[in-house]
Amino acid sequence: MIETIIHKNIRYAIIISNNNDLNGTHFFTEENDSLQLGYMKHSTGHTIQPHYHEQIERKINKTQEVLFIKIGKIRVDFYSENNQCIDSRILNSGDVLIILNGGHGFEVLESVEMYEVKQGPYVGVNDKVCFNPI
């Protein structure tokens with residue numbers, strides 16, 4: 001199952017359940033997103049032509065993140081640009097979350113191990129703004 005969190009026509013996140021039935025190559029993000037995430041499932045013997053990616057200067061205006069829930073369970077709260085909670089979801093082992101816009105917070109419901117991928121470089125304390133949940 002793939003679910004997109006949308007509020008006032010803004011895509012805030014994409015949730016990819018561990019229980020999906022995808023085959024082939026599938027990208028969850030749009031071509032103009034600054035972070036791209038795809039999934040590939042191919043049978044034995046399938047080939048992907050050797051290639052490399054050209055060096056192209058890109059401008060990134062905001063950080064987008066991908067979380068891979070290795071084990072455990074978390075609740076994700078999604079916030080609008082004015083810090084209002086707009087939605088919440090529970091993620092379980094094997095689920096993937098792409099955060100595209102807005103704010104986000106987490107509560108660990110069962111001990112969790114997860115991977116986070118985002119654009120760099122990280123610029124320290126100036127990289128994010130923390131706020132109290134409303």
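**Cysteines and the largest pocket**

There are zero disulfides in this structure, which is a predicted model. Let's take the cysteines before turning to the pocket. C85 takes part in no disulfide, and the nearest cysteine sulfur, which belongs to C130, sits 16 Å away. Looked at from the other end, the sulfur of C130 has C85 as its closest cysteine partner, and 16 Å is too far for a bond. The cut-off that settles this is 2.5 Å between the two sulfur atoms, so a pair at 16 Å doesn't count as a disulfide.

How buried or exposed are these two cysteines? C85 has 36% relative accessibility, so it goes down as partly exposed. C130 has 68% relative accessibility and therefore counts as exposed. The line between those two labels is drawn at 50%.

Now for the largest pocket. It holds about 1,000 Å³ of space, and 30 residues line it. If you want to find its middle in the viewer, go to E65, G102, H104, K128 and V129, the lining residues that lie nearest the centre.

Which elements give two or more residues to that lining? They are β5, spanning 65–79, and β8, spanning 103–118. β8 supplies the largest share, with six residues.

As for the chemistry of the pocket wall, the lining is a mix: twelve residues are nonpolar, eleven are polar and seven are charged. Glycine is tallied with the polar group here, so G102, one of the residues nearest the centre, falls in that class.

Note on methods
Residues are numbered from 1 along each chain as its sequence is written. This is a predicted model: local features need pLDDT of at least 70, side-chain atom pairs count only at pLDDT 80 or more; totals for chains, interfaces and linings use all residues. Side-chain values use heavy atoms; hydrogens and water are left out. On a 1 Å grid over the protein atoms alone, a cavity is a set of points where a 1.4 Å probe fits but cannot get out, and a pocket is an open set with protein on both sides within 12 Å along at least five of seven lines; lining residues have an atom within 4 Å of a point. Grid points are joined across faces, edges and corners, and a volume is the space filled by probe spheres set on the points. Helices (H or I, at least four residues) and strands (E, at least two) are DSSP runs, numbered from the N terminus. Buried means under 20% relative accessible area, exposed over 50%, partly exposed in between (1.4 Å probe, protein chains only).
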